[in-house]
Amino acid sequence: MKKILGIAILLLSISFAQEEVSPWSAYAGITSASFDDSDGRTTGLSAGVGYTINENITVGGGLSHRGGTLSTNDGSGDFVDIDVKGNAIELWMAYSLMNTDTFSLSAGPIYAHIYEFEAEFNGMTISESESDSDYGLYFGGSFPIRDNMALNVGYYQGLKEEDGFKFNNLWFELGYQF
């Protein structure tokens with residue numbers, strides 16, 4: 001009986017000593033958006049959650065930003081800058097290419113449902129709630145800062161062409177692993 005009780009106490013103490021890492025993570029940061037051949041970038045916010053399926057695959061979703069700046073002729077010979085901003089709901093999958101204690105590298109597809117566009121020019125703002133979609137590939141890195149916290153840096157290149165443009169994003173985010 002003493003042996004059984006001793007083994008039970010040993011097994012319980014070992015199981016409680018192991019640190020349980022949640023598969024859930026969250027991120028938030030700044031996104032610099034543009035599209036191919038644009039005349040400038042626009043800045044927006046991004047935030048979302050991720051779920052680690054196994055050591056190589058993580059899936060997630062969140063809110064992000066699409067857009068860019070165009071310089072166009074207003075008809076009178078003057079050029080006007082138009083800032084185009086889109087708000088999107090993203091779904092993504094990350095495949096871990098490299099993972100060390102000091103750096104990790106990942107790549108994967110992103111699909112975005114853009115639910116709102118806004119154009120700003122000459123002090124006016126025009127909003128359009130017509131939805132659109134965007135999809136492409138991303139490549140990113142993560143640098144651990146502290147326990148469970150990391151700086152995420154990435155680049156997204158859209159594959160869908162819309163009116164002759166493909167979106168691209170550069171982001172800097174703070175991530176937290178629960």
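# Pockets, strands and contacts

User: In this predicted model, how do the residues of the lining of the largest pocket divide into nonpolar, polar and charged?
Analyst: The model is predicted. Tyr and Cys count as nonpolar here, and Gly counts as polar. On that basis the lining of the largest pocket divides into 19 nonpolar, 23 polar and 5 charged residues.

User: How much space lies in the largest pocket, and which residues are closest to its centre?
Analyst: The largest pocket holds about 1200 Å³ of space. It is lined by 47 residues. Closest to the centre are Thr 58, Ser 104, Ser 142, Asn 152 and Gln 177.

User: Which strands each supply at least two residues of the lining of the largest pocket?
Analyst: The contributors begin with S1 (24–35), S2 (42–52), S3 (57–73) and S4 (79–99). Further along come S5 (104–121) and S7 (132–146). The list closes with S8 (149–158) and S9 (167–177). In full, the strands are S1, S2, S3, S4, S5, S7, S8 and S9.

User: How much space lies in the second largest pocket?
Analyst: The lining of this pocket consists of 16 residues. Val 84, Phe 117, Glu 162, Asp 163 and Phe 167 lie nearest its centre. The space in the second largest pocket is about 440 Å³.

User: Which elements give two or more residues to the lining of the second largest pocket, and how does the lining divide by residue class?
Analyst: Two or more lining residues come from each of S5 and strand S6 (124–128). Taking the whole lining of the second largest pocket, the split is 8 nonpolar, 2 polar and 6 charged.

User: Over how many bridges do S3 and S4 pair, and which residue stands opposite Gly 68?
Analyst: S3 and S4 pair in the antiparallel sense over 17 bridges. Their hairpin has 5 residues between the strands, and Gly 75 there takes a positive phi near 100°. Opposite Gly 68 in S4 stands Val 84.

User: Why does the salt bridge of Glu 90 and Arg 66 tie together parts that are apart in sequence?
Analyst: The side chains of Glu 90 and Arg 66 meet at 2.8 Å, N to O. That falls within the 4 Å cut-off for a salt bridge. Glu 90 sits in strand S4 and Arg 66 in strand S3, so the pair ties together parts separated in sequence by 24 residues.

User: How many salt bridges does the count come to?
Analyst: The pair Glu 90 and Arg 66 forms a salt bridge. By the rule used, the count comes to 4 salt bridges.

User: Which residue is the bridge partner of Met 98 in S5?
Analyst: S4 and S5 are paired antiparallel over 14 bridges. A hairpin of 4 residues joins the two strands. Within S5, the bridge partner of Met 98 is Leu 105.

User: Which residue in S7 stands opposite Ala 112?
Analyst: S5 also pairs with S7, in the antiparallel sense, over 11 bridges. The residue in S7 opposite Ala 112 is Asp 134.

User: Which residue in the turn of S7 and S8 has a positive phi?
Analyst: S7 and S8 run antiparallel, joined by 10 bridges. One pairing puts Leu 137 with Gln 157 in S8. The hairpin has 2 residues between the strands. A positive phi, about 65°, belongs to Asn 148.

User: Where does S9 pair, and which residue in S9 stands opposite Ser 32?
Analyst: S8 and S9 run antiparallel over 9 bridges, with Asn 152 partnered by Glu 173 in S9. S1 and S9 pair antiparallel over 11 bridges. Opposite Ser 32 in S9 stands Leu 170.

User: Which strand supplies the largest share of the nonpolar patch?
Analyst: The patch is formed by Phe 143, Ile 145, Leu 151, Tyr 155, Leu 170, Phe 172 and Leu 174, with about 600 Å² of accessible area together. Phe 143 has its place in strand S7. S7, S8 and S9 each supply at least two of the residues. The largest share, 3 residues, comes from S9.

Methods
Residues numbered from 1 in each chain as written. Predicted model: local features only at pLDDT ≥ 70, side-chain atom pairs only at ≥ 80, totals over all residues. Heavy atoms only, no water. 1 Å grid on protein atoms, 1.4 Å probe; cavity = no way out; pocket = protein on both sides within 12 Å on 5 of 7 lines; lining within 4 Å. Points joined across faces, edges and corners; volume = space filled by probe spheres on them. Pairing = 2+ DSSP bridges. Patch = residues over 30% accessible without salt bridge, like charges linked within 9 Å, V, L, I, M, F, W, Y side chains within 5 Å. Areas by Shrake-Rupley, 256 points an atom, 1.4 Å probe, with all protein chains shown as cover.
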